[in-house]
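The exercises below are meant to be worked with the sequence and the coordinates side by side. Attempt each task before reading the solution that follows it.

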Amino acid sequence: MTEQDLIIQYKDGEGKITERRISDIQPEHSRAIEAFCHLRNARRSFYVPRILTAAYADSGEVIADLYACFGLPEPEQKKQSAIFEPDATGRIRGHSAEAYKGQRNREKRALFRRFLLRAIARAYKEKFFALFDGKCFKCASTRELVMDHHVPMIKGGHLVPGNLVSLCSICNNSKLDLDPEDFYTPEELERLKLLLEQERQLFELQFDRERWENDREAYLLDLGVQPDLVHEILYNPEHIDYVGFSRSSHATIHVSLNLSGE
Ligand SMILES: [Zn+2]
């Protein structure tokens, strides 16, 4: 346990990041500390996974292992297949943010690539949110829904079917890199199990080239693409998703591939 003042960057439950000086640090529980916060002029609790960076106030020396510094037990690593090499605390630090974003974008493209056409990807994105009744799983808000990593990336979770939960942006920000067990109630976790399984099945779609070539219109409608959009895709050369309705326009499907990860 350090006796020195620290300067930390702290991300609060709403995702707002502030720089704070903290003194007289005491462990609160295995993943939280209590300390005097100069910004708030009061003692506050700080959840360690929300501390993005920390350095000694006097020397400016950056603290690599926060858990050791606070005298807290090392957090358990739940998954072995981490995407990036975690540091000694089993976590990935702020400086990896760019690589983390790159990985996220690659996984997002991979997730939607199976649909081949952007319009199909969109229809399936809607089906995904429909599984969650078009609501945030945590608070039931219908605003600004995102696909949240159930097991966070930082713990080796990927943007893959079976690991995606519909959350509003506020709940997504407060979940951050928390383990599901630290964010959801046991009852919520139980309900999620079924939804995640249904989601796995939903994304099992294999693009059926034969059906596509035989009857593009029927196939797109079957996949849930809106009839108006199907018409645009097949008959309106001006439309951004136009591929035409005949075999001769076969080549355009490859062009659309790059657009499918939105
Ligand atoms: Zn919410």
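**Exercise 1. Surroundings of a histidine**

Determine which residues H150 contacts, leaving aside its neighbours within four places in sequence, and decide whether H150 is buried or exposed.

Solution. The structure is a predicted model, and H150 is placed in the loop that runs between strand 6 (145-149) and strand 7 (164-168). Once its neighbours within four places in sequence are set aside, H150 is in contact with N163, V165, K175, P180, Y184, L189, L192 and L196. Its relative accessibility is 10%, and because buried means under 20%, H150 counts as buried.

**Exercise 2. The metal site**

Identify the donors of the zinc ion, state how they are spaced in sequence, and classify the arrangement from its angles.

Solution. The zinc ion is coordinated by the SG atoms of C136, C139, C168 and C171, at 2.3 Å. Along the chain, these donor residues follow the spacing C-x2-C-x28-C-x2-C. The four donor atoms subtend angles of 106 to 113° around the zinc ion, and since four donors count as tetrahedral if all angles lie between 85 and 135 degrees, the arrangement is tetrahedral. As for burial, C168 counts as buried because its relative accessibility is 4%, and C171 counts as buried at 9%.

A further step concerns sulfur pairing: a search of the whole structure finds zero disulfides. Another cysteine, C37, is buried, with a relative accessible area of 0%.

**Exercise 3. The nonpolar core**

Describe the largest nonpolar core, naming the residues with the most contacts inside it and the helix that gives the most to it.

Solution. The largest nonpolar core has 63 residues, and those with the most contacts inside it are I33, F46, I51, F70, I120, L220 and V225. Helix 3, which covers residues 118-131, gives the most to this core, with seven residues. To examine one of the core residues more closely, take I33: not counting residues up to four places away in sequence, I33 touches I22, I25, Q26, P27, E28, R44, S45, F46, V48, I51, F70 and L72. For the chain as a whole, buried residues make up 43% of the 262 residues.

**Exercise 4. Positive phi outside glycine**

Locate D133 and L176, and compare what their backbone angles and accessibilities show.

Solution. Most residues other than glycine have a negative phi. D133, although not a glycine, has a positive phi of about 55°, and the corresponding value for L176, likewise not a glycine, is about 50°. D133 has its place in the loop between helix 3 and strand 6, while L176 is found in the loop between helix 4 (169-175) and helix 5 (180-183). Turning to accessibility, D133 is exposed, with a relative accessible area of 61%, whereas L176 is partly exposed, with a value of 23%.

**Exercise 5. Sequence separation and distance in space**

For L66 and for G60, set the separation along the chain beside the C-alpha distance to A54 and to I7, respectively.

Solution. L66 is found in helix 1 (residues 66-70), and because its relative accessibility is 0%, L66 counts as buried. The C-alpha atoms of L66 and A54 are separated by 7.7 Å, with their positions 12 residues apart along the chain. G60 lies in the loop between strand 5 (51-56) and helix 1, and at 44% relative accessibility G60 counts as partly exposed. G60 and I7 are 53 residues apart in sequence, and their C-alpha atoms are 8.4 Å apart in space. Across the chain, among contacts between residues at least 6 apart in sequence, 56% join residues at least 24 apart.

**Exercise 6. Confidence along the chain**

Establish where confidence is lowest and where it is highest, and which stretches have a pLDDT below 50.

Solution. The chain has 10 helices and seven strands, and its mean pLDDT is 83, with 85% of its residues reaching 70 or more. Confidence is lowest in helix 10 (residues 252-257), at a mean of 42, and highest in strand 7, at 97. Over residues 77-90 the pLDDT is below 50, and this stretch has 33 contacts in the model beyond near neighbours in sequence. The pLDDT is also below 50 over residues 249-262, a stretch with 32 such contacts.

Notes
Residues are numbered from 1 along each chain as its sequence is written. This is a predicted model: local features need pLDDT of at least 70, side-chain atom pairs count only at pLDDT 80 or more; totals for chains, interfaces and linings use all residues. Side-chain values use heavy atoms; hydrogens and water are left out. A nonpolar core is a set of buried Ala, Val, Leu, Ile, Met, Phe, Trp, Tyr and Cys residues joined through side-chain atoms within 4.5 Å. Buried means under 20% relative accessible area, exposed over 50%, partly exposed in between (1.4 Å probe, protein chains only). Helices (H or I, at least four residues) and strands (E, at least two) are DSSP runs, numbered from the N terminus. Contact means heavy atoms within 4.5 Å. Donors are N, O and S atoms within 2.8 Å of the metal (3.2 Å for Na, K and Ca); water is not among the atoms, so sites may look incomplete. Four donors count as tetrahedral if all angles lie between 85 and 135 degrees; four count as square planar and six as octahedral if opposite donors are over 155 degrees apart and all others between 65 and 115; anything else is irregular. A disulfide is a pair of cysteine sulfur atoms within 2.5 Å. pLDDT is the predictor's confidence in each residue, from 0 to 100.
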